[in-house]
Amino acid sequence: MAGGCRPFHPEGAVGNRLAGKPADGYNGRMDGEKKLEALLEEFGPHIVENRLIPATAAREAEFPEGLDGRLVRALRESGIERLYTHQAEVFRVATAGHSVVVVTPTASGKTLSYNLPVLQALLEDEAARALYMFPTKALSQDQQSALNELALKDGKALLPLRVVTYDGDTPVTVRTAARERGRIVISNPDMLHQGILPNHPKWIRFFSNLKYIVVDEMHAYRGVFGSHTANVIRRLKRVAAFYGSRPRFILCSATIANPAELAGALTGEPVVLVDNNGAPRGEKRVILYNPPLVDAVQGIRRGAVGESRRWMLAFLRAGVKTILFAHSRIKTEIAAAYVNRDLTNINTGNSNIRVEPYRGGLLPGERREIERALRRGEIQGIVSTNALELGIDIGGLDASIVSGFPGSFNAFWQQSGRAGRRGGLSISVFVASSAPLDQFIMRNPDWFFRKTAEECRLNADNPYIYFDHVKCSAFELPFSDAPGESGGNPFGESAFEVLSELEEEGIVRHTGGGGAAAAKWYWASRSYPAEGVSLRSATADNVVIIDTTAGRNAVIGEMDRPSAKEMLFDNAVYLHRGAQFIVTKLDIPNRKAFVTESAANYFTDGLVKTDIKILSQDEARRDGAGFEAVLGDALVRTQVTRFKKLRFHTHENIGFGEISQGEEEMQTRALALLFGAGSGAGAVLAAAGDERAASALTGAGRLIRQIAGVFLLCDARDLGISARVRDPHFGRAALYIYDKYPGGTGLSEALFSRAAEVFAAAFETLAACPCKSGCPSCVGPGEDKETALGFLAIVKGAGHTARHC
């Protein structure tokens, strides 16, 4: 066997379960492949596409010459006799002294690709160390288990290497031993940022002997998180150079369009690309399912969550282990609760089927318990946000359900790949929502399967992010004015502009420089800068959620502050692992939300009011149809003012509530689309009148925001929109599209250059929508579809002429 993967069986894992053959202790209740077709027939009228992706055979290579005998023995003890071709190639490139990025599909043995060169180096040099960096804690725990399985057999050590996980969940009592004796330290960017780098003197032995840095799931490091992580790596390289190390990088990614470019942007190093995948692949059915219309005139379909629940229930009752991706915390909790309730109500021996929600905000112990139960086969169904999208080994799941498009094709294929990781036939079902992009895919299934992987982008020089990390790096080590600062300065010359500003604020001092010595910038503040910088959100402060039912006062979760304002306002319903709570008080100053158990028959949804103000104009593009795009800085103010109460199951709006909260303020990048009244698109809006024009602009903005995600590789929630018929700044109709992160993440700039493609796709989606007057699949219910279609027809053909402001 090669690469540590099980061989494929013609019947396939799903076929076995449907044939009544047990799998991992979970017995199927149907017999024969025909029953699989019967299961699909239940949903048949609304299956848009049922495509079989064929299996592929493995391409293998012998163990490399010179591979340590102990490592060969450990591989063979694990049942691995040969490598896949990409694993052998990564070993060759890495041991030749190059940094390397390997790009292969899900479940193709990427883990062994980096483990082999790292373990070889550590066996050759008893002092050598390696750092493994994963984007989530769950991945860190999973990879330590995989390494331990390779290094230990029947309690006997095959490889004399100590592997440790060092993250926020690591007990204080074992951290010293991990720092001193850990040969491979597994962590995440957050712990590096706040725990390891600021305390590097405690890690002298580790940094002095650091040979390899492994960055797994590289495609996760895009946008804001990727921009932060690139700067954390800059700081990491400074610290390593200070101790005399220059480690090589091994990066792994799912399929993306620009892997070498992203790897270079993350590490600041030249990298060699390896993408000759040699791993086999089992057969996979990919089903595109469009929920039935319940109101053809208004274009309203059954909800994606409800239909996803039906698919999950059908698979579970057939004995097929299933994962459902619901993409938001609320939808995840609701879907899991619905499925468990359905299983309880169906009295057919389903009481042993266990379904759990998995999402951000769960406590560490809860996450670990669910992960362990999944691997042991004690959980048959899991409903998750994208928290389980990455390469965690979660056992033998054979069906994946993706409820609504997840924002990118990369994310879809990652989520689809959660099923079938153990080989054999697997099924992935994409349940479309009413969102415009989902319906565009349903009308163009061939386009969906032809669509190439998107590019992943980050902006390490985002001024807000860059400033924060230069500040953190100055705390860790002084900057030197000498051109040849030890190991170089990964932050470049712009760092000195930041340091000058910090000096004016009294945070650093610029001193020394007598004789031949260069002056240095020393930290001069009592503050600890890393604790004020969050890598994953606009703020570093989380709100803890405290259950006060019957005097418990127990912490049951946490949430970042901006999300808490939208989801944990007073009288909001908070859902946690199937239980319902009412928020009795949101205490923002003290970062606490107090909740109590409730039996409410509804959940809540906050309504956000947005105000936008242009601060500067950098560049503009105009076309002859009276349409202009202006790119610049903007000040965005948001406030949650009201909330809706939505009944469970029917999602009927049963009332509103008022919210009294302060505004959130953010300076960011924005694209203003301007429509003059004289001609072209502006004339269409002007002829419609203010009320219809406002409706058309709002609806078109909603549609553009949804469509743009495919072209920009972002979630629609990463973009904000604001429509104005008479904009006070420009004096004409305007549609603002802005980055929802301080300083921007490059999305407005990307949209500025690709506007014509996005407008054309938006027009095509709107023109093809069968509704008569706007629906959830296009401009939204009640919006002016006719006017929106008229002005998009003009805008989509715009030929821009650029000018700088």
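Which residue follows H21, and what is the sign of its phi? The residue is Gly 689, and its phi is positive, near 90°. Good morning, colleagues. The structure before you is a predicted model, and I shall begin with the helix that this glycine follows.

Helix H21 spans residues 680-688, and its buried residues are Ala 681, Gly 682, Leu 685 and Ala 688. Viewed down the axis of H21, these buried residues fall within an arc of 125°, so they line one face of the helix. The general background is that an α-helix has 3.6 residues a turn, so residues three or four places apart point the same way. What does the buried face of H21 pack against? Its buried residues pack against two strands, S32 (664-675) and S34 (733-739), and against two helices, H22 (690-712) and H24 (785-795).

Helix H22 brings us to the nonpolar interior. The largest nonpolar core has 55 residues, and those that touch the most other members are Phe 405, Leu 673 and Phe 675. H22 supplies the largest share of this core, namely 10 residues. Let us consider Leu 673 in particular. Leaving aside residues up to four places away in sequence, Leu 673 touches Phe 627, Glu 628 and Ala 629, then Ala 733, Ala 734, Leu 735 and Ile 737, and also Phe 759. There is also a second, separate core of 43 residues; among its members are Leu 123, Ala 130, Ile 184 and Ile 250.

I turn now to charged side chains. How many salt bridges does a search of the whole structure find? The number is 37, and I shall present three of them.

The first example joins the side chains of Glu 49 and Arg 51, with a distance of 2.8 Å from N to O. Glu 49 is buried, at a relative accessible area of 19%, whereas Arg 51 is partly exposed, at 24%. The cut-off for burial is 20%.

The next example is the salt bridge between Arg 235 and Glu 476, whose closest N and O atoms are 2.5 Å apart. Arg 235 belongs to helix H10 (residues 223-242) and Glu 476 to helix H18 (residues 463-476), so this pair ties together parts that are 241 residues apart in sequence. Are these two residues buried or exposed? Both Arg 235 and Glu 476 are buried.

The last example is formed by Arg 669 and Asp 633, whose side chains meet at 2.9 Å, N to O. This pair, too, links distant parts of the chain. Arg 669 lies in strand S32 and Asp 633 in strand S30 (residues 627-647), 36 residues apart. Arg 669 is buried, with a relative accessible area of 12%, while Asp 633 is partly exposed, with 21%. Elsewhere, Asp 611, Arg 637, Glu 663, Glu 665, Arg 724 and Asp 727 are joined into one network by salt bridges that share partners.

I proceed to a sheet. Five strands form an open sheet of mixed pairing, in the order S25-S24-S28-S27-S26. Which strands lie at its edges? They are S25 (554-560) and S26 (573-576), each of which pairs on one side only. From one strand to the next, the twist averages 35°. Strand S24 (residues 542-547) pairs with S25 in the antiparallel sense over 6 bridges, and one of the residue pairings places Asn 542 with Asp 560 of S25 as its bridge partner. Helix H13 (residues 329-345) packs on this sheet and touches S25 and S26. The direction of H13 makes about 65° with that of S26.

My final topic is strand S19. Why may S19 (residues 399-403) be called largely enclosed by the rest of the structure? The reason is that 5 of its 5 residues are buried. The general background is that side chains in a regular strand alternate between the two faces of the sheet. In S19, both faces are covered: Ala 399, Ile 401 and Ser 403 are buried on one side, and Ser 400 and Val 402 on the other.

The partners of S19 complete this description. Strand S16 (residues 322-325) runs parallel to S19 and is joined to S19 by 4 bridges. Within that pairing, Ile 323 has Ser 400 of S19 as its bridge partner. S19 also pairs in the parallel sense with strand S20 (residues 426-431), over 5 bridges. There, Ala 399 stands opposite Ile 427 in S20.

Thank you for your attention.

Conventions: Residues numbered from 1 in each chain as written. Predicted model: local features only at pLDDT ≥ 70, side-chain atom pairs only at ≥ 80, totals over all residues. Heavy atoms only, no water. Buried < 20%, exposed > 50% of the residue type's maximum accessible area, 1.4 Å probe, protein only. Arc of directions from axis to C-beta. Contact = heavy atoms within 4.5 Å. Salt bridge = Lys/Arg side-chain N within 4 Å of Asp/Glu carboxyl O. Core = buried A, V, L, I, M, F, W, Y, C linked by side-chain atoms within 4.5 Å. Pairing = 2+ DSSP bridges. Axes fitted to C-alpha atoms, helices over the stretch in contact; angles between N-to-C directions.
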